[in-house]
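Please look through the structure below slowly, with an eye for the spaces inside it and for what fills them.

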Amino acid sequence: MITLSACPCLLRSWFGYLALTALCLTTMRSSSGQTMEDFDSIQLATLKNSSGMTVKVTNYGAIVTSIVVPDRQGKLADVALGYNRIEDYINAVDKPYFGAIVGRYGNRIAKGKFAIGGETYSLAVNNGENHLHGGVVGLDKVVWSLKPIVVPGAQAVQLSYLAKDKEEGYPGNLQITVTYALNNQNELKVDYLATTDKATPVNLTQHTYFNLKGEGEGDILDHQLMLNANAYTPVDAGSIPTGEIAPVKGTPFDFTTLKPIGRDIDQAHEQLKFGMGFDHNFVINRAPGDASMQLAARVVEPKSGRVLEITTTEPGVQFYCGNFLDGRLKGKSGKAYVKRGGFCLETQHYPDSPNQPKFPSTILEKGKAYSSSTVFKFSVQ
Ligand code: BGC
């Protein structure tokens, strides 16, 4: 049995001035006869800060397995959906991508096909006729290497993975590093870097499902959401963008000021039918080509007072409100994850960009560096 929850805190003195707070890094061991060769190398790192916030990260899928934050009374709750046991991540019948890094291409590529420089590539198709979240064995299902690193003012781990040429059909050997850093201001910063030896599409994102009441505490329809987006990218019935960049004004997609996620979700709108609710990419308000940190979203859970603010260098954010959860999966506290029991705010480039000439490019050229950052900041009001 592999247990992700037991993590004796080891104070790592070589962590220098960061040693004041503890970083646990425990190697998980299997006794359940599971065949996955990599089980012995699966690790769990616990990042802690001086405000009592804790974030756990495993090198399987670079998954954030837990985010524990206080409410306005100081009461702690785990606000990230996930499992206690690594087997559940590996064997999950449904593939919800709880907490994982998804890619090489987070989101969909139509029919799994695209062309670069006249050459057509065919990717693994795993979502109807389309490619989703990097394919059958995307970055969420591989074992990364994990090491603690020194980030001033934060506790941090760095995960690395080499996605090989032709893996899931993608061209080029892609060397990826993802850093998770937790500081004392309750900010979890995720930095992505990648380089390739052949031009390839890259669109990495973080797929945590949040429920600011606590994981398993019902649905998230009462959470209030603000998206810093005057426009979104409508999709077809297969959730592939039509290419249009449509204004949100006057539609259920208008989250320009805080409103409960559930307020307009049942409106008779074709896009809500296609997504079975909100499952759309929003175009973050920023000047074209601007890649500075910009506010993407603010979420307030009125009862607990917990607030999540997301800033990013990315041009888009996929707002997915857990439409495909249906109560069959049980999470860390044994409670069922009901329909819309969590929301994802996946900062990223727009879906299907390799086939959409008007969308910002996602092609990483040989010799160039892919770099992207997102901050998840927790507070209370
Ligand atoms: C997608 C959804 C998908 C979910 C889980 C989200 O990023 O937008 O369509 O169901 O991931 O796979």
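Which pocket is the space taken by the ligand? The ligand takes up the second largest pocket, where a pocket is an open set of points on a 1 Å grid over the protein atoms alone, with protein on both sides within 12 Å along at least five of seven lines, and where a molecule counts as sitting in a pocket if more than half of its atoms lie within 2 Å of its grid points. This is a predicted model, in which local features need pLDDT of at least 70 and side-chain atom pairs count only at pLDDT 80 or more, while totals for chains, interfaces and linings use all residues. Residues are numbered from 1 along each chain as its sequence is written, and side-chain values use heavy atoms, with hydrogens and water left out.

Around the ligand, with a heavy atom within 4 Å of it, stand Lys95, Tyr97, Arg108, Leu132, His133, His207, Tyr209, Asp279, Gln318, Tyr320, Phe324 and Glu346. By class this shell has five nonpolar, three polar and four charged residues, where Ala, Val, Leu, Ile, Met, Phe, Trp, Tyr, Cys and Pro count as nonpolar, Asp, Glu, Lys and Arg as charged, and the others, Gly among them, as polar. Domain 1 (3-204) and domain 2 (224-380) each give at least three residues to the shell, the bounds coming from an automatic or database domain assignment.

Some of these residues make polar contacts (pairs of N or O atoms within 3.5 Å). A polar side-chain atom of His133 lies 2.9 Å from a ligand oxygen atom, a polar side-chain atom of His207 also lies 2.9 Å from a ligand oxygen atom, and for a side-chain N or O atom of Asp279 the distance to an oxygen atom of the ligand is 2.4 Å. Taken alone the ligand exposes 310 Å², of which the protein buries 94%, as computed by the Shrake-Rupley method with a 1.4 Å probe.

What about closed spaces? The structure holds three cavities of 30 Å³ or more, a cavity being a set of grid points where a 1.4 Å probe fits but cannot get out. The largest has a volume of about 130 Å³, and of the 13 residues that line it, those closest to its centre are Tyr89, Pro96, Tyr97, Phe98 and Asp140. Its lining has nine nonpolar, no polar and four charged residues.

Note on methods
Polar contact = N/O pair within 3.5 Å; in protein donor to acceptor, adjacent residues only side chain to side chain. 1 Å grid on protein atoms, 1.4 Å probe; cavity = no way out; pocket = protein on both sides within 12 Å on 5 of 7 lines; lining within 4 Å. Points joined across faces, edges and corners; volume = space filled by probe spheres on them.
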